[in-house]
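Got the viewer open? Here's a short tour of what to select and what you'll find there.

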Amino acid sequence: MTILVTGGSGSGKSAFAEGLVPRLEAHGRIYLATMEATDGESRRRVMRHRAQREGLGMRTLERARDMDGAEIPEGSLVLLEDLPNWLAGEMFGGGNPQGMPQALCRLAGRCRHLIVVTGDVFADGERYDGETARYLQALAALNRRAAALADAVCEVVCGIPVPLKGKLP
Amino acid sequence: MKLYIGGAYQGQEELAQQENPGAEFFFGFHETIREVLARGGDPLAYTEAFLRGHPEAVVTANEVGCGLVPVRPEERAWREAAGRALCRVAAKSGAVTRVVCGIGTRLK
């Protein structure tokens, strides 16, 4: 099955998504990390998430672009974290942002289970222009596509899942 | 009256149209409030008149109140007024739906 987990920053969405992993049967579990750790802050973030994942028996695959090239054995569970970073990698790192919705569908087709984490950054009332506006529109479109594709969608608020679609495992 | 709210680009207009074919639509009520303020109008008086004049309307708007309080006073006034106006629209609405990632959740 495909699951989309959304929420604000610090909402506990990552921990919740990781909590879903042991509930799903799979041959091999892959953590698909999309953030490019380029500074101290992002490296600390990576370390915190790694510590959080210990004991889940996941293999980490770091990939900021071109998910078609990710090596995913048949029957795998993939936890993709997250769409905002993947989009940043494709948009600002010389990738192919237009191809992402299709790439996400293909990725879902190659996994036994796909859990996708995304972010809700759309209710601050700011008016952005140029590149930022294009990024936000592209992220929202990608989120909507992921939600349409997913069997289950939930929003996490203060660590509590609020179901939006389907039934979580 | 029906209200569809959500963050920017969440698909509230599309869902409103799908669920209410042929209705009288008012998209982007948060921007309407901005225009009212820009021409020196009273957003709450405008909203009350709107509610009386269009009791069967389907209204969409963005949630705009979940960021830091803006530094610029006119931005602060707009967010506050937009939030208050949408409370009035919601109070008069028979159905209020919040849209996240294109998926609607009925709040009322």
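**Stop one: a helix in chain B**

Select H3(B) and look at Arg52(B) and Gly53(B): both are exposed, on the other side of the helix from its buried residues. Keep in mind that this is a predicted model.

Now pick out Pro43(B), Thr47(B), Phe50(B) and Leu51(B), the buried residues in this helix, which spans residues 43-53. They sit on the same side of H3(B) because they cover an arc of only 100° around the axis. What do the buried residues of H3(B) pack against? Show strand S2 (25-26), helix H2 (29-38), strand S3 (58-62) and helix H4 (73-92) of chain B, and you have the partners.

Before moving on, go to the start of H3(B): a side-chain oxygen of Asp42(B) comes to within 3.0 Å of the backbone nitrogen of Leu44(B).

**Stop two: where the chains meet**

Bring up both chains. The contact involves 19 residues from chain A and 21 residues from chain B. Between them the chains bury about 1,600 Å², with 57% of it on carbon and sulfur atoms. In chain A, select Ala123(A), Arg144(A) and Leu164(A), which lose the most area to chain B and together make up 32% of what that side buries.

Next, zoom in on Glu126(A) and Arg79(B), whose side chains form a salt bridge (3.0 Å, N to O). Two salt bridges are found across this interface, along with seven residue pairs in polar contact.

Last, colour H5(A): seven residues, the largest share of the side of chain A that touches chain B, come from this helix. By class, that side has nine nonpolar, four polar and six charged residues.

Key. Residues numbered from 1 in each chain as written. Chains lettered and ligands numbered in written order. Predicted model: local features only at pLDDT ≥ 70, side-chain atom pairs only at ≥ 80, totals over all residues. Heavy atoms only, no water. Contact = heavy atoms within 4.5 Å. Buried area = accessible area lost by both parts, 1.4 Å probe. Salt bridge = Lys/Arg side-chain N within 4 Å of Asp/Glu carboxyl O. Polar contact = N/O pair within 3.5 Å; in protein donor to acceptor, adjacent residues only side chain to side chain. Helix = DSSP H or I, 4+ residues; strand = E, 2+ residues; numbered from the N terminus. Nonpolar A, V, L, I, M, F, W, Y, C, P; charged D, E, K, R; others polar. Buried < 20%, exposed > 50% of the residue type's maximum accessible area, 1.4 Å probe, protein only. Arc of directions from axis to C-beta.
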